[in-house]
Amino acid sequence: MFDVITIGESLVLFSPVNTGSLKYVEYFRKQLGGAESNFAIGISRLGCKAGWISRVGDDSFGDYILSIIRGEGVDISKVKIDKTSSTAVYFKEFNELNGTKVYYYRNGSAASKIEPDDLDEDYIASAKYLHITGITIALSESARTTVLKAIEIAHKNNIKVSFDPNIRKKLCEKNLLRKYILEVINKSDIVLPGYEEAKFLLGDYKPDQLCRKILELGPKIVAMKLGKEGCLVADKNKLIHINATKVKKVIDTVGAGDGFDAGFIYGLLKGWDIEKCGKLANDIGAIVTTVNGDIEGLPTIRDIMEFRGDIEVIDR
Ligand code: KDG
């Protein structure tokens, strides 16, 4: 039995030790990236059971990815080793002037070759939630059809579908991407977009209007990330704004959205109301930004209690 199952590509992340143009960076840290595995690790750190479906190459980077994700307690029994394609990598570039940029080397990667036959119906049917992101849809046609098949299986077995549009315009032509993502929103129960993403999909409206528009498309719950403004959570009965969680210093924002999603879905798994889910999601998103790396800052329940001042901590 799983709480959540997700499907997507994980990449080896090379994160520069210094800020500035990659042209002049000499040293990188090797870390793990991949929105869906970030999410699964987030869920696992909170004490729930997650499974991740993917492919990796038959190479050392694939081994690295599997050992990290397995080590975080996420089930990888449905990950295939693809003998003919490589594991993907990506680089971050930290620029004090223009923020963070990412550069992908993932075209034709092992995970982009995932196909509907990779799915095991019983495995998906054993979860409470299937979590999808727009990245997997944008990877390749076979990845997109795999996602659609997984959603079909989820619907057949009464598994809830949560969806983060995670728009990556570097991966797919933007009109096509919009069409593909709207198609999945229509089939989802919970949608977790960023405000800019929702505008890209539905037009230049205010956040509350966009939440209502998404609900009109079929989902039952929307949790919209508003960055420094916090988030909006909505269902058919209410629409609530939740202030952002403040942290002393933001180091790296990549991965914060996945942490937010993990917090929100964790709350739903616990049967909480959407406001309480949104508060935890905000806290986790903020905590993630205080650490370099996509997964390193994902908190445990104990970390959250400590951050909230709910437990006494003796440092020395
Ligand atoms: O949400 C964080 C992801 O963006 C990062 O881990 C890498 O999966 C990734 C992507 O496609 O951008």
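**Ligand and helix contacts**

Q: What makes the pair formed by Tyr104 and the ligand a polar contact?
A: In this predicted model, an N or O atom in the side chain of Tyr104 is 2.4 Å from an oxygen atom of the ligand. A polar contact is a pair of N or O atoms within 3.5 Å, so this pair counts as one.

Q: How do you know that Arg106 and Arg168 also make polar contacts with the ligand?
A: The side chain of Arg106 has an N or O atom 2.7 Å from a ligand oxygen, and a polar side-chain atom of Arg168 lies 2.7 Å from an oxygen atom of the ligand. Both pairs are within 3.5 Å and therefore qualify.

Q: How much of the ligand's accessible area does the protein cover?
A: On its own the ligand has 320 Å² of accessible area, and the protein covers 96% of that. The ligand is surrounded by 14 residues, and Asp258 and Asp294 are among the closest.

Q: Why are helix 6 and helix 7 called roughly perpendicular?
A: Helix 6 (residues 174-186) and helix 7 (residues 195-202) pack at about 100°. Angles of 65 to 115 degrees count as roughly perpendicular, so the term applies to this pair.

Q: Which residues make the contact of helix 6 with helix 7?
A: Helix 6 gives Lys174, Arg178, Ile181, Leu182 and Ile185, and helix 7 gives Phe200, Leu201 and Leu202. By class, six are nonpolar, two are charged and none is polar.

Q: Why is helix 5 called roughly parallel to helix 6?
A: The axes of helix 5 (residues 141-156) and helix 6 cross at roughly 10°. Angles under 35 degrees count as roughly parallel, so the pair is described that way.

Note on methods: Residues numbered from 1 in each chain as written. Predicted model: local features only at pLDDT ≥ 70, side-chain atom pairs only at ≥ 80, totals over all residues. Heavy atoms only, no water. Axes fitted to C-alpha atoms, helices over the stretch in contact; angles between N-to-C directions. Helix = DSSP H or I, 4+ residues; strand = E, 2+ residues; numbered from the N terminus. Parallel < 35°, antiparallel > 145°, perpendicular 65-115°, else oblique. Contact = heavy atoms within 4.5 Å. Nonpolar A, V, L, I, M, F, W, Y, C, P; charged D, E, K, R; others polar. Near = heavy atom within 4 Å. Polar contact = N/O pair within 3.5 Å; in protein donor to acceptor, adjacent residues only side chain to side chain. Areas by Shrake-Rupley, 256 points an atom, 1.4 Å probe, with all protein chains shown as cover.
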